[in-house]
Structure formats: C-alpha cells, structure tokens
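Student: I would like to go through the ligand sites with you. Can we start from the contacts?

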Amino acid sequence: MSALEKEVLEELKSSETSVKPDYELFDENTQAIVFNYQTKAIQRMLDFDYACRRKTPSVAAIVYASRPGYHKCFWGSEEIMIPIYRTTKEAAEKHKKADVFINFASFRSSYESSMEALEQPTIRTVAIIAEGIPERKARKLVSAAARMDKCVIGPATVGGIKAGKFKIGNTAGSIENIIDTRLYVPGCVGFVSKSGGMSNELYNTISMACRIDGEQRDDLAYPALNEGIAVGGDSFPGSTLCDHLLRMEKNPDIKFLVALGEVGGDGEYKICEAIKSGEISKPVVMWVMGTCSTLFPGEVQFGHAGARADGEEETAHAKNQALKEAGAIVPNSFDDLGDVIKGVYKDLAAKKVIQPVEIPKAKVVPIDISDAQKQGLIRKPTNFVSTISDDRGEELSYNGVPISRVVSDGFGIGGTLGLLWFKRELPKFASDFLELILVLTADHGPAVSGAHNTIVAARAGKDLVSAVASGMLTIGPRFGGAIDGASQHFKHAVDNNMSPEEFIVDMKKKGIPIPGIGHRVKSLSNPDKRVELLKDYALTHFGSAKYIKFAMEVEQLTTKKKGNLILNVDGAIGTSFIDMLQAAESFDDEEIQKFVELGFLNGLFLVGRCMGMVGHFMDQGNLSQSLYRHPWDDITYMSDSSGPG
Ligand code: ACO
Ligand code: LMR
C-alpha cells in the first residue's frame with residue numbers, strides 16, 4: 001500500500017467508523033422494501049416466510065423505476081401481488097411499517113439509492129448487497145446512518161437472518177438448506193461473519209452442533225441459530241462484527257455468540273476489548289480465517305476488499321491469539337469449530353442455560369414446476385408439440401437439418417418448404433416446382449381481391465402488417481383459396497375412375513362450382529400464361545401426370561359452355577401437386593390422401609401472394625395521398641325506393 005493510500009485511510013479511520021445499532025433489527029413482523037427487480041431473491045424471502053408460518057409477507061414493496069405496477073409471486077401455492085414503485089420515497093410513504101431496505105442496486109448507483117433510503121424517516125435498516133462501492137462513499141453512508149441512529153449492513157453482503165422470523169434476500173440459500181439447518185425455528189446462537197458464503201457454512205455447522213448426543217429423535221434439539229449477520233467483506237463495513245455482537249449481547253434469547261473474522265483490519269481487537277471489559281459477557285466462540293496466508297511468501301489479498309493483512313497485527317494468527325487471551329473460545333483450526341460449538345452447547349445445557357426444544361415441522365413450501373422437473377420429481381405433458389423445427393441446440397434445424405447445411409447445400413425456398421411442410425428432403429424437380437408456384441402466384445395486378453384490399457388499407461393509413469393481413473383475409477374459395485378444393489375434388493374423381501363428364505355432372509348435382517375452373521378475365525381467347533407454365537412443368541417432370549391431365553380434359557368440356565371456364569391457376573396447382581407427390585416416390589397413397597384432406601395447399605398461394613401484397617403496400621407509400629379516391633362513382637345505390645327502371 002502506498003504512503004498516500006495509508007494517509008487517506010488513516011484520515012478516514014479518524015472519523016465515524018461504523019454504526020452501532022441499538023435496536024432489534026428484525027422480528028416476525030418486519031417488512032422490507034426491495035430495491036431493484038430481484039425476483040428470485042424476493043421469492044426466496046417469501047418461501048422462508050411461508051415455511052416459518054409468518055402471517056404477512058416480509059416484502060412489502062419493490063422499487064424499480066422502469067416498471068412500476070405489480071409483481072406476481074407465490075405465497076405457498078397461492079399467487080400474490082407486490083406493488084412496484086418508481087421511487088423509494090413513494091414506496092416508503094405507502095408502506096410505513098417497512099423499516100428494512102434491501103438494496104440490490106449495482107455498485108454504480110448503490111450509494112445514491114442507499115442515501116435516499118436513509119433519508120426516509122420510516123426506514124431504519126439498510127442492507128447494501130453491491131460489492132465495489134468506493135470506500136469514501138461507504139464511509140459517507142455510515143456517517144449519515146450513525147447520525148440518525150440507523151443501521152447499515154454491508155456493502156458487499158448477502159444480508160442476514162433472524163431464524164423463524166425474517167431474512168434478507170438470498171441469505172442462507174435455498175429453502176431446502178433453510179429447512180435442513182432449522183433456520184425456520186428461532187434458536188439461541190447469535191452469529192456474525194464477514195463472509196456471506198461462510199455464513200451458510202456456519203449455519204450448517206451450528207445446526208449439526210445443536211443435535212443432542214445419543215438422542216434418536218429428530219424433532220428434539222438444542223435451539224440452533226437465533227440471528228446471523230454477514231457484515232460484508234469491505235474494509236469499512238457499515239456495521240462491524242463487534243457492533244452486532246454488542247447488540248446480540250443485550251438480547252436475552254441469545255445464549256452464546258459465534259463469530260467468524262478474517263485476516264485484515266482491526267475489528268477483532270474491538271471484540272477482544274469488549275470481552276475484557278465485560279461488555280460482552282456471553283460465551284464467544286470465534287475463529288479468524290486466513291491463517292494460511294503465512295504460507296505465502298508475500299502479502300496476500302483474499303477475495304474480500306478488506307481481507308489483506310497490513311502488518312503483523314492484522315494477520316489471522318495474531319488475531320486468533322489475541323482473542324484466546326481475551327477469553328474467547330478459539331478452536332485450534334476451522335475444522336474444530338463445530339466441536340467447540342458443541343462443547344459450549346453441552347456446557348450451557350449442563351448449567352441449564354439452554355433447554356432442549358421440540359423442533360416443529362416447517363410448513364411445506366411448494367416446489368416450482370421447473371425445479372421439480374429438473375429434479376425428476378414430476379412430469380408434465382407439454383401443451384404444444386413441434387415436429388418441424390428445433391431451436392434448442394446450438395443451431396436451429398429444420399426437420400433435423402441444421403440451417404448451416406440448408407444454406408450450404410442450397411436447399412433454397414423450395415427445399416426449405418419441403419423440410420418444413422413435408423418433413424422431407426424433396427428431389428430437385430419437386431422443390432423447383434414449389435418455387436415455380438411461389439413465383440407464379442406472387443402477384444396478379446392491383447385489381448384482384450388481395451391486392452385491392454391491401455391498397456385500400458394502406459391508403460387508409462394502416463401499417464404494413466394490417467394492410468397485408470386485410471389482403472390475405474380475402475384469400476378464399478373464389479380467390480386463390482381454391483387449390484385445396486381442386487385437389488380434393490379432382491383426386492376424388494380420378495381415384496374413383498370417373499369420366500370428365502361424370503365429374504361435371506356430379507359437381508353440378510352437388511351444386512358446387514368446380515374449384516379450379518373458371519376465371520373472371522382469363523379465357524380460351526385470353527389464356528393464362530401461368531397455367532401454361534404449370535402444365536408444361538407438370539407434363540415434363542411428373543410422369544403420367546394423371547391428375548392435371550384429367551383437369552385439362554374437364555377444361556375441354558367446361559370451355560365449350562363458356563370461354564372463361566378454363567383450368568385456372570388454383571386448379572393447375574391443386575391437380576399437378578398430387579402428380580408431383582406421386583412422382584417424388586417418397587410419399588405413399590395414404591400420406592398423399594392425408595395431405596390433400598388436411599387443407600394446407602392454399603398455403604402455397606398464401607406464401608406466394610404475400611410477396612405481391614407487401615409490394616402493393618410499399619407502392620402506396622411511394623404514391624401521393626391525393627391518388628386515394630373513394631369509389632363514389634363505382635357504386636349503384638339502391639336506397640331509392642322506386643328502384644331502377
Ligand atoms: N364450375 C362450374 N361452373 C362454373 C364455374 C365452375 N367453377 N364457375 C362458373 N361457372 C358457371 C356458372 O355457374 C355460370 O353458369 P350459368 O351461366 O349457367 O349460370 C357461368 O359459369 C358463369 O359464372 P360466373 O359466376 O359469372 O363466373 P365468373 O366469371 O364470375 O366467376 C370465378 C369466376 C369466381 C372464378 C368462378 O369461375 C368460380 O367460382 N370458380 C371456382 C373457384 C376458383 O377456382 N377460384 C380460383 C380462381 S383463380 C385465382 O383466384 C388465382
Ligand atoms: C390471381 O391470381 O390473383 C387471379 O388469377 C385471381 C383472380 O380473381 O383473377
């Protein structure tokens with residue numbers, strides 16, 4: 001450490017060092033305001049409350065500026081709502097009984113939010129979780145808290161716990177750990193530590209030590225932890241180990257004290273003085289961690305900011321020795337801590353200071369479905385099934401083919417449709433056919449229903465999705481949506497060996513216009529080039545192409561009646577598609593029948609025409625608004641009761 005650094009630290013040491021809380025920090029009615037949206041920590045607090053049979057949730061409010069409203073969480077198996085406020089002031093004013101502030105802000109904003117909390121008259125205890133708050137700022141917080149007789153726990157802390165009554169955030173870990181270490185029942189040990197992680201270890205050690213030797217019953221033990229506080233690993237914690245031990249000394253429910261110090265700083269010497277002066281009279285079991293630092297050739301900085309010995313006095317060895325001399329019970333090593341605590345239990349039990357207590361069962365906290373599933377405790381059928389694509393691995397796959405291969409092997413749009421719709425790698429003639437359909441159905445000018453609706457919606461100021469959707473919704477049995485009907489009816493006729501004449505008569509009897517036959521503007525004299533292209537492709541690539549050939553024979557008859565009753569685009573697609581499926585040779589008859597019955601072939605028109613509709617939307621955006629005309633002159637009004645002629 002540089003001379004300047006030392007000087008600055010000395011200057012800081014000469015001012016207020018820590019707050020000395022002189023009140024019981026937590027009880028079974030304590031409520032907290034949680035700063036920041038820490039949903040897991042909040043749920044853990046509520047699960048603890050529930051296991052302890054608290055009457056009210058320990059989280060009264062959340063402060064989260066960017067999402068005011070309510071947070072939904074569990075109270076046992078029921079759901080409850082916790083209000084979320086924009087500011088700490090608002091939360092404190094609305095929840096006057098909440099006197100604990102748990103600050104999950106990052107180190108960047110933790111100072112400001114903690115100071116704001118200290119300024120609220122109703123907030124007494126502020127726990128600061130963030131690591132890395134500048135020491136000067138931490139000192140300012142401490143001075144502010146000391147002036148108002150408030151308490152700061154942290155920075156760089158996991159918090160603390162009052163067994164059976166209240167816990168801060170993630171203290172003591174999972175609910176299973178809390179139940180195992182009996183933290184849901186108030187006990188008799190007051191515990192302080194610099195380290196949050198080691199606190200959990202010690203809660204376990206204390207809970208093992210409080211079991212009665214030779215006693216087979218699991219529900220009878222000496223009372224375990226009463227309160228545990230992790231003061232945090234910074235050089236200037238808001239409140240020190242000694243501050244809390246002095247507070248716990250005054251609590252009649254606490255019969256002995258356990259503390260875990262660490263290398264660096266002089267806080268442990270304050271404990272020595274308090275023991276020697278009699279301010280601490282209860283037995284103190286204490287170990288200072290970091291004895292291994294002597295094994296290193298130079299100065300060692302452990303994980304905590306304050307865990308570095310500046311001089312012999314700050315080493316763990318020196319502090320353990322001083323504590324022993326002051327009268328604390330110091331084990332020979334950390335490993336012996338459990339035995340030493342057990343020894344104190346036995347001694348206090350012999351003196352009747354501690355009596356065995358019945359340990360009630362904790363209220364069972366329901367387990368989250370996701371956790372239960374992870375542990376293999378429950379199984380739940382999913383509500384949705386997907387067989388076409390999988391996004392769980394490192395790479396998205398279409399029907400098991402990774403998209404990198406879809407790209408590198410040139411599956412193209414047709415091949416991709418093959419994977420997603422038919423779950424097959426289609427032969428090239430088939431995937432090229434799918435692309436041909438998309439190209440030919442992409443648009444048919446502004447007058448047809450879909451384009452027309454898209455244009456009207458766009459001109460009325462609707463956005464792309466709305467305008468295109470309004471166009472898409474016109475696709476139906478008369479426009480673009482006759483592909484399925486065509487494939488179904490023509491397939492039925494061919495499979496049942498009907499002649500074209502019989503088919504036409506049959507459809508007429510049924511009163512159904514033949515899907516795929518007829519067009520408003522295209523006719524024998526004005527043939528549809530798209531249909532010609534489709535026919536050519538089918539006759540060239542699909543072997544017998546019996547379905548489209550049958551449709552062409554039907555067309556020969558219908559056009560005799562009227563020139564516009566030609567085989568139209570939908571009819572050509574619907575019939576040649578069955579030919580394509582047969583030619584592809586990887587679909588059996590049953591499967592082809594299923595595809596035809598399913599009614600998804602209109603999807604081809606949907607996908608194709610979407611391209612044109614987006615174009616029509618863009619086209620309107622590029623045109624002047626003045627081009628939009630309501631079609632007054634195109635409407636025949638029938639409101640005149642005399643009617644026409
Ligand atoms: N099957 C049998 N007879 C028909 C068919 C048909 N598909 N379509 C029309 N007719 C008959 C009518 O019954 C009518 O006979 P009539 O004079 O004895 O009363 C005559 O042909 C003319 O009928 P219109 O309804 O005037 O024909 P229009 O030209 O208005 O209709 C339409 C064209 C809507 C396409 C119609 O032929 C039809 O409904 N076809 C079936 C649906 C279809 O295939 N739609 C897709 C079109 S292509 C596309 O959208 C991409
Ligand atoms: C089209 O492809 O949009 C047209 O064939 C449909 C129609 O109604 O003219």
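Student: Which residues are closest to ligand 1?
Tutor: This is a predicted model, where local features need pLDDT of at least 70, side-chain atom pairs count only at pLDDT 80 or more, and totals for chains, interfaces and linings use all residues. Residues are numbered from 1 along each chain as written, chains are lettered from A and ligands numbered from 1 in written order, and side-chain values use heavy atoms, without hydrogens and water. A residue is near if one of its heavy atoms lies within 4 Å. Ligand 1 has 20 residues around it, the closest being Gly 480, Ile 514, Gly 516, Ile 517 and Asn 568.

Student: Which atom of ligand 1 lies 2.9 Å from a backbone N or O atom of Ile 517?
Tutor: Take polar contacts here as pairs of N or O atoms within 3.5 Å. Backbone atoms of Gly 480 and Gly 516 each lie 2.8 Å from an oxygen atom of the ligand. For Ile 517, the partner is a nitrogen atom.

Student: Which side chains have an N or O atom 2.7 Å from an oxygen atom of ligand 2?
Tutor: The surrounding residues are His 444, Val 448, Phe 479, His 519, Arg 530 and Arg 609. The side chain of Arg 609 has an N or O atom 2.8 Å from a ligand oxygen. At 2.7 Å there are His 519 and Arg 530.

Student: How much of ligand 2 does the protein bury?
Tutor: Accessible areas use the Shrake-Rupley method with a 1.4 Å probe. Alone, ligand 2 exposes 270 Å². The buried share is 85%.

How values were computed:
A polar contact is a pair of N or O atoms within 3.5 Å; within protein, one must be able to donate a hydrogen and the other to accept it, and residues adjacent in sequence count only if both atoms are side-chain atoms.
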